[in-house]
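Student: Please take me closely through the second largest pocket of this model, and then set the surroundings of the ligand beside it.

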Amino acid sequence: MTGKRYFRFGLCSGLLVLALLLSLSGCERQPTAREFNETVYTFGTLVNVTLVGVDEAQAQTAYTAMLDDFTYMHQTWHAWQPNALARINGLLKTGVPFSLAPSILPLITQAQTLSAQSEGLFNPAIGQLINLWGFQTDSRDEHAPPPTPDEIAQWLRQPPSMDDIVIDGLNMRGLNPQLQLDFGGFAKGYAVDVAINHLRELGVENAIINAGGDLRAIGRHGQRPWRVGIRHPRKEGVFASLEIEGDESVFTSGDYERFFEYEGRRYHHIIDPRNGYPADQVRSVTVIHPDGATADAAATALFIAGPKDWHRIAKRMGIKYVMLIDKGGRVHMNPAMQQRLQFKYTPEVLLSEEL
Ligand code: ADP
Ligand code: MG
């Protein structure tokens, strides 16, 4: 379970892990800062944590607390395991009022806000549709076909939204029998927020949590800002890099994360709730925002919004930095984002209005 752990006073190591996670954050030679670095498999992905300016005991306490948080959240919010979320999903379908589940309620309320801001493009109520596409499993049968047009049309007759969850005093109930929550589109961002808040409570001021390329950072990396990479959607390695400082999250949604192929066509896991099919205009979207949950949800929503609508939805969600790589490999972004990125490639760029 536990990866390579080291506590050090500055020198760069763990290059392999860093390359894997595309975080460039650990590669600077900083002889001043006391630094803790650890990589662990949790939340369904490799999570790399760097804490700077901490002593060893503090680092161990913070790291253990963070790990406990991740384990708890992963178990509670997993979309296809028997857990608190499965219980809620069972009850929401019935329409019967039931007592609020404190472990899930904050996710539901934040998801309701984000879903409304995204005009329903980010919609964690579509778990049944995601399951129909075969993405709610650890091992999809690689020969299984996509759902039939009839099955999709059937689902579209009564598509659920986050507004179908009514919270009334100490109870909640569902208004749509097809309601099924799947927080895969923002649980990682939410979890990273919880973990960063916990680190702060424990006195950590400089940290980066990088969960498979999606990350949130606070403070700085010694004398410098944190430096992070954005993965190329079609090749190994980094597409662009940027510096972050203070408190920022960088989240990317990509069509390469989970997909299957059937009769020569590729079907990926980011589904457009309006037509029931994987959104097909984009390769990846990267969003920078202070909190991870918003960044994660926005990356998913803007992926679906595509080259035509991303700017409007980003504005509605309060996002200030976006880079979208469309299906032709062109880069769409706002001027402020362009100023922050250092490209490894020279793509065709379509610059938008300011956000
Ligand atoms: P990535 O895996 O690239 O980080 P996302 O953050 O976009 O991607 O999350 C994709 C996951 O979100 C899917 O596996 C599914 O569980 C869920 N999902 C798919 N479509 C939507 C949608 N329209 N709204 C909310 N969640 C979605
Ligand atoms: Mg997301």
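Tutor: A strand here is a DSSP run of E with at least two residues, and strands and helices are each numbered from the N terminus. The model is a predicted one, and the values that follow were computed from its atoms.

The second largest pocket has a volume of about 300 Å³. Its lining is made up of 13 residues, and those closest to its centre are Asp255, Arg266, His268, Ala279 and Asp280. Two strands, strand 13 (265–268) and strand 14 (282–289), each contribute at least two residues to this lining, and strand 13 gives the most, with four residues. Sorted by class, the lining holds seven charged residues, five nonpolar ones and one polar one.

The surroundings of ligand 1 can be described in a similar way. There, 21 residues surround the ligand, and the closest are Asn123, Ser253, His269, Ile271 and Thr300. By class, this shell has nine nonpolar, eight polar and four charged residues. Three polar contacts can be given with their distances: an oxygen atom of ligand 1 lies 2.7 Å from a polar side-chain atom of Ser253, an oxygen atom of the ligand is 3.0 Å from an N or O atom in the side chain of Asp182, and a backbone N or O atom of Gly184 is 3.4 Å from an oxygen atom of the ligand. Of the 580 Å² of accessible area that ligand 1 has on its own, the protein covers 93%. The elements that give two or more residues to the shell are strand 11 (246–254) and helix 8 (292–317); Ser253, already named for its contact with the ligand, falls within the range of strand 11.

For context beyond these two sites, a search of the whole structure finds twelve aromatic pairs. One of the pairs, Phe239 with Phe343, is edge-to-face, with 5.8 Å from centre to centre and 90° between the planes. This pair links distant parts of the chain, since Phe239 belongs to strand 10 (residues 238–244) and Phe343 to strand 17 (residues 342–343), and the two are 104 residues apart.

Technical notes: Residues are numbered from 1 along each chain as its sequence is written. Chains are lettered from A and ligands numbered from 1 in the order in which they are written. This is a predicted model: local features need pLDDT of at least 70, side-chain atom pairs count only at pLDDT 80 or more; totals for chains, interfaces and linings use all residues. Side-chain values use heavy atoms; hydrogens and water are left out. A residue is near a molecule or strand if one of its heavy atoms lies within 4 Å of it. A polar contact is a pair of N or O atoms within 3.5 Å; within protein, one must be able to donate a hydrogen and the other to accept it, and residues adjacent in sequence count only if both atoms are side-chain atoms. Accessible areas come from the Shrake-Rupley method with a 1.4 Å probe; for residues, only the protein chains shown count as cover. Ala, Val, Leu, Ile, Met, Phe, Trp, Tyr, Cys and Pro count as nonpolar, Asp, Glu, Lys and Arg as charged, and the others, Gly among them, as polar. On a 1 Å grid over the protein atoms alone, a cavity is a set of points where a 1.4 Å probe fits but cannot get out, and a pocket is an open set with protein on both sides within 12 Å along at least five of seven lines; lining residues have an atom within 4 Å of a point. Grid points are joined across faces, edges and corners, and a volume is the space filled by probe spheres set on the points. Rings of Phe, Tyr and Trp (its six-membered ring) pair if their centres lie within 6.5 Å; planes under 30 degrees apart count as stacked, over 60 as edge-to-face and the rest as tilted.
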